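This report describes the overall make-up of one protein chain and then turns to one of its sheets.

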Amino acid sequence: MTTPAIALLDAQGTVIRWTRAAEELLGYRVADIVHRSGEVLLMPADRTARVRAWVGDHGHRDHWSGPVEAQCRDGRPVLLRLDVWRLYLLDGGTAWLVSATSAHADRPANQVLEPFFRPSLVAVSLWDGDLRCVGRNETARCLQTTLVNGRVGGPPEEFMPTFDSASLLAAFRQVLSDGVPVIAGESPWFPATQHEGHAFTGSFFRLEGEPGRPPAVCSLVFDVTHAHTRQRLALLLEAGARLGATLDVAGTAQELADLAVPVLADYVAVDLAGSILPDDEPLHRLSVSDVSIPVFRRAGVASIHSVLPETLWSLGDAVFVPPASPFMKVMATRASHYEPVLDTSPGTWLDQDPDRTKIVSETGMHSLIIVPLLARGAVLGIVVFVRTDNPAPFTADDLVIAEELVARAAMSIDNARRYTREHTAALVLQRHLLPRNVSGGDALEVAAGYRPSDIHAGVGGDWYDAIPLPSGHVALVVGDVTGHGIHAAATMGRLRTVVRTLAYLGIPPDELLTHLDRLVARMSEEGAVVHGTGPETVAATCLYAVYDPVTHHCTMATAGHPPPAIVDPAGDVIFPRLVAGTPIGHGLGSYQSLDLHLAEGSRIVLYTDGLIESRERDLDAGMQRLRTALALTTLPVVDLCEAVLDELTGEHNEDDVALLVARTL
């Protein structure tokens, strides 16, 4: 389980306490960081501006949460999720308790602690080495004033009577002794002066100070009394598991809407700005009316009603809004719009939007929250939460939950958007780099096919080529670059170009692979020098064959690639035993050519390993399946190519597959 890193900063921002988890996360030991400004934990390029912005935006609050890019002790940047609480100390001063977890940590590990780090709902207290309360946040003050009679300076059992006294003290002493955080389970409590019972959960962490001073303990207590609170905690936990599970912009937006209805709202719409959704007509090309403009595109929507009476727009539609509306204000200010009781009186923005006014009246909309989708400094759109049938207005806690839910979705949507852009660019690059048509001239009848990986969404480094040479020979090539994505596609294009260039020199296959191996290794070294990084090894396998139509001889060599299949005119299939050689890119390759005589009407079949290998079958079983599929010798090469791909690949390929089939004439 991932333990949050916790630090205590005084009112001036100087670090005065530090946990073991903070040391593990950022690399600073207690002696390295205590008495130093917390600014050293930020990236140096913008730390002053960030601190000023934080003080201006959040310095007046008792709690703040959000993403921050920090700097480890070794200089590495790390993206953190922060929760910051103001503590009111025994001596009358204030301090800041900061909890941080890596934004890239596994979600399941973080979910255990997430209930303790929700805005304004956590009672945070600070305890000295004698287990006296020396500081607490506003939530703890309110909770202790309302439910218990804990006094500042008193022991833990005065503040947390819900927990067993002996177990509570044992937990505190254990944390002080070994520094291992303790998470307490749910505990009920029924105060004598109230009829309603309460339930709490708690978590305790050790804080180290300057050498010679005893450690302190930080406690976080969360009230999980009401059913709706439990539901919303479950909502956040479920959001952590579901949001961003797939790198799909529209899918994540719809997940967000589905999650929030009906637990939080009766109707939710996720509207994205500009070109966030791929393959849509630009909004600026759409017509503008007298009272509204196209600003968003509907990406997700959910309602407690089966037909969507709350909206005029369906998924994918352009959403029009008045310029002077809370939707535009949220986009401009990047702050949420919170309207517990929707104002429908004359003189509001609804006067400029009669269609929405009609919907508000007909559906009984009475409470509204609009939250901006913010990620990495950009506004991706808005999320609208509405209550109609539920008579209760949204509360401040509802706003907190909505903002937290949207914050999680925003990062997932932005990740999906970035992935989609890279994926689209890689697909375009790959399609342009693979030959549109393959030809064997007058020597060979050639066909080729490519089946993308379902897992990697169709962008890989597999390639094929047929190259008629000036000598009248024809070169056949199949290769496979390690990896997937735009880098693999770009590397594939470079290797294909190099192989074509070397092929025109007319050198034998073994020598060509040797030149290719050394050239690629040199290119990697030169690229590392230019970029100031270590050598980036380009790894690829390749099979290169040259057919001579005059002598009917085919000479071939392989660099770590599976052997070709040779089908004679009678339908017998063999896999020539080639010396495998090392993959391309290491600069140490030594390759040997094999010469075969092929009868007229023979077929030469080159392929990448995705055709014959999978998790369900080993290499021998895959080659046997290929042998069986190739027995269809009466088919033309184009049909044979398609038949083999259909037979050996399925709907969910684990790897990309390239296949090249040539028939001697």
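Of the contacts (heavy atoms within 4.5 Å) in the chain between residues at least 6 apart in sequence, 64% join residues at least 24 apart. The model is predicted: local features need pLDDT of at least 70 and side-chain atom pairs count only at pLDDT 80 or more, while totals for chains, interfaces and linings use all residues. Residues are numbered from 1 along each chain as its sequence is written, and side-chain values use heavy atoms, with hydrogens and water left out.

The chain has 665 residues, and 51% of them are buried, that is, under 20% relative accessible area with a 1.4 Å probe, protein chains only. Its accessible surface (Shrake-Rupley method, 1.4 Å probe) is about 29800 Å², with carbon and sulfur atoms contributing 53%. The secondary structure consists of 16 helices and 26 strands, taken as DSSP runs of H or I over at least four residues and of E over at least two, numbered from the N terminus.

One open sheet contains five strands in the order 18-19-20-21-24, with antiparallel pairing; two strands pair if DSSP finds at least two bridges between them. Strands 18 and 24 stand at the edges with a single partner strand each, so one side of each lacks a neighbour in the sheet. On average, neighbouring strands of this sheet are turned by 15° against each other, direction ignored.

Strand 21 pairs with strand 24 in the antiparallel sense over four bridges, and Cys554 has Leu596 of strand 24 as its bridge partner. Helix 13 packs on the sheet, touching strands 18, 19 and 20, and its direction makes about 20° with that of strand 18. Axes are lines fitted to C-alpha atoms, for helices over the stretch in contact, with angles from 0 to 180 degrees between N-to-C directions.

| Element | Residues |
|---|---|
| Strand 18 | residues 460-468 |
| Strand 19 | residues 474-484 |
| Strand 20 | residues 540-548 |
| Strand 21 | residues 553-559 |
| Strand 24 | residues 594-597 |

Definitions and conventions: Buried means under 20% relative accessible area, exposed over 50%, partly exposed in between (1.4 Å probe, protein chains only).
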